[in-house]
Amino acid sequence: MHHFHYRDGRLHCEDVPLDTIADQVGTPCYVYSTATLTRHYNVLADAFDGSKYLIAYSVKACGNIGVAKTLAGLGAGADVVSGGELYKALHAGIPASRIVFSGVGKTRDELKMALDAGIHQFNVESLPEMERLSQIAADMGKVAPVAFRVNPHVDAGGHANISTGGAEHKFGIAWHEAGTFYQRARDLPGIDPVGVDVHIGSQITDISPMRIAFEKVVTLVKQLRAEGFAISRMDLGGGLGIPYKPTDNPDTPAQYAQMIREVKQGVDIELILEPGRMIAGNAGVMLATVEYVKHRDGRSFVILDSGMNDLMRPALYDAHHEILPLAEADSDTPLETVDIVGPVCESTDRFAKARSMPPLKQDDRIAFMSAGAYGAVLSSQYNARPIAAEVIVNGDVFDVIRRRPTYEEIVALESAPHWLTQQE
Ligand SMILES: *Cc1c(COP(=O)(O)O)cnc(C)c1O
């Protein structure tokens with residue numbers, strides 16, 4: 001479900017033609033839809049209305065402040081995985097009391113920063129992290145609300161590189177050690193074990209492994225409560241998949257919410273969710289312009305002004321993005337088979353191989369669909385290419401929420417070593 005459609009032959013985001021944005025802002029450029037972000041957030045919020053819940057938007061999926069602020073306005077909290085993301089979430093107006101901090105490698109400075117801010121919850125993933133947090137919190141005279149991320153040993157399916165809940169993955173504490181962890185936490189100063197946390201992977205299109213993991217979490221919560229721990233929160237992570245192809249038919253946010261309601265039935269507990277992709281994925285597209293079409297050795301290459309540095313998912317995980325021309329093609333135009341590539345000097349800088357597309361020519365514009373999550377956030381300045389601009393649409397208006405840096409800004413943080421610049 002999203003708000004990108006052809007109208008009068010032009011691809012629109014809500015009521016704004018995308019070619020208007022491309023003309024004014026240039027390409028490559030990400031465009032997000034407020035209506036789509038809102039709709040996805042509300043599917044979850046409505047499902048849990050009346051119970052204690054926190055939807056902590058996973059900032060790492062799409063961390064732009066304009067997007068985070070849009071979600072904050074709907075009541076979202078944030079799930080952050082670094083000091084930088086914590087800073088961004090606070091800067092976007094998300095209150096610390098609605099922020100949870102995940103990740104396996106939190107540094108001392110990051111833990112201090114989060115304790116100072118007074119965040120809602122630390123999702124702790126190891127014994128040394130628990131000990132470090134305990135010491136820092138005690139030194140600061142604070143108590144950290146903690147959930148332990150348990151590894152439920154469930155294979156979530158999906159791409160091997162984004163599955164996190166198996167025994168071989170670096171994430172979480174071992175299932176059979178959970179009891180010992182909570183015992184240990186009770187004895188440590190500065191730590192208040194309030195919750196159980198799980199996150200088994202990303203782009204999970206069949207929710208049945210999630211159900212198995214969540215049922216295990218509920219069992220653990222009951223067991224810990226029976227042992228006298230005041231477990232008041234259950235954090236079920238993110239990970240729901242989205243359709244990337246028209247033929248994809250993943251379980252829906254509504255089914256996911258219903259499944260969670262069933263699993264937590266009869267358990268009085270605050271529910272925390274950390275959705276990223278399901279909120280932002282189909283709420284964003286990336287616009288690009290065709291620079292050249294070249295024919296060689298029986299292949300046709302469509303060479304764009306955007307590359308793997310702008311949208312890395314195809315190079316990183318072989319990801320598929322639908323690619324639509326901004327000017328709608330006649331339905332009777334024969335399709336051509338082309339490779340769609342970027343300008344970066346890497347063979348993996350290829351968005352699509354042997355893709356059937358309407359004929360494309362120089363200066364035509366296209367949109368990569370479903371690029372809202374793990375798109376702009378993964379971009380780099382490789383080849384000294386300026387990071388793509390980001391735009392958000394709301395009805396018939398739009399605004400630039402990240403402008404493209406200038407070349408001066410690209411070099412601004414660099415300098416020659418002093419021995420090359422010192423005067424005689
Ligand atoms: C990445 C991540 C999420 C968000 O995952 P999505 O697949 O984008 O929903 C949530 N929680 C944790 C701990 C994560 O690492």
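This dialogue walks through several features of a predicted model, from the ligand site to the backbone.

Biologist: Where should I begin with the ligand, and which residues around the ligand come nearest?

Modeller: One begins with the shell of neighbours, and in this predicted model there are 14 residues around the ligand, of which Lys 60, Ser 202, Glu 274, Arg 277 and Tyr 374 come nearest. Sorted by class, that shell has 7 polar, 5 charged and 2 nonpolar residues.

Biologist: Which ligand atom lies 2.7 Å from a backbone N or O atom of Arg 277, and what do the side chains of Asp 79 and His 199 approach?

Modeller: For Arg 277 the partner is an oxygen atom of the ligand, which lies 2.7 Å from a backbone N or O atom of that residue. The side chains of the other two approach nitrogen: a polar side-chain atom of Asp 79 is 3.2 Å from a nitrogen atom of the ligand, and a polar side-chain atom of His 199 is 3.5 Å from a nitrogen atom of the ligand. As for cover, the ligand taken alone exposes 390 Å², and the protein buries 93% of that.

Biologist: Turning to helices, how many residues does α6 have, and what span would be expected?

Modeller: Helix α6 covers residues 127–140, which makes 14 residues, and its first and last C-alpha atoms are 20 Å apart, close to the 20 Å expected at 1.5 Å a residue. Its ends can be read as well: at the N-terminal end Ser 126 acts as a cap, with a side-chain oxygen 3.2 Å from the backbone nitrogen of Glu 129, while after the helix comes Gly 141, whose phi is positive, near 70 degrees.

Biologist: Which residues of α6 are buried, and what do they pack against?

Modeller: The buried residues in α6 are Glu 129, Met 130, Leu 133, Ser 134, Ile 136 and Ala 137. Among the elements that the buried residues of α6 pack against are the helices α5 (108–117) and α7 (178–187), together with the strands β9 (144–151) and β11 (191–197).

Biologist: How should I read Thr 34, and is that residue buried or exposed?

Modeller: Thr 34, in helix α2 (residues 34–48), counts as buried because its relative accessibility is 12%, and the cut-off for buried is under 20%. Its side chain reaches the backbone oxygen of Val 393 at 2.7 Å, and the contacts of Thr 34 beyond four places in sequence include Glu 14, Thr 70 and Ile 392.

Biologist: What does Phe 398 touch, and how exposed is Phe 398?

Modeller: Phe 398 lies in strand β21 (residues 397–402) and is partly exposed, with a relative accessible area of 25%. Leaving out residues up to four places away in sequence, Phe 398 touches several residues, including Val 16, Ile 21, Val 25 and Val 391. Its C-alpha atom is separated by 9.7 Å from that of Asp 15, although the two are 383 residues apart along the chain.

Biologist: Finally, which backbone angles deserve a second look?

Modeller: The general idea is that most residues other than glycine have a negative phi, and that most peptide bonds are trans. Here the peptide bond from Thr 27 to Pro 28 is cis, with omega near -5 degrees, and Pro 28 sits in the loop between α1 (18–25) and β4 (29–33). His 153 has a positive phi near 55 degrees; this residue lies in the loop between β9 and β10 (173–174) and is partly exposed at 40% relative accessible area. Ala 354 also has a positive phi, of about 45 degrees, but is found in strand β18 (residues 350–357), where Ala 354 is partly exposed with a relative accessible area of 45%.

Note on methods: Residues are numbered from 1 along each chain as its sequence is written. This is a predicted model: local features need pLDDT of at least 70, side-chain atom pairs count only at pLDDT 80 or more; totals for chains, interfaces and linings use all residues. Side-chain values use heavy atoms; hydrogens and water are left out. A residue is near a molecule or strand if one of its heavy atoms lies within 4 Å of it. A polar contact is a pair of N or O atoms within 3.5 Å; within protein, one must be able to donate a hydrogen and the other to accept it, and residues adjacent in sequence count only if both atoms are side-chain atoms. Accessible areas come from the Shrake-Rupley method with a 1.4 Å probe; for residues, only the protein chains shown count as cover. Ala, Val, Leu, Ile, Met, Phe, Trp, Tyr, Cys and Pro count as nonpolar, Asp, Glu, Lys and Arg as charged, and the others, Gly among them, as polar. Helices (H or I, at least four residues) and strands (E, at least two) are DSSP runs, numbered from the N terminus. Buried means under 20% relative accessible area, exposed over 50%, partly exposed in between (1.4 Å probe, protein chains only). Contact means heavy atoms within 4.5 Å. The expected span of a helix is 1.5 Å times one less than its number of residues.
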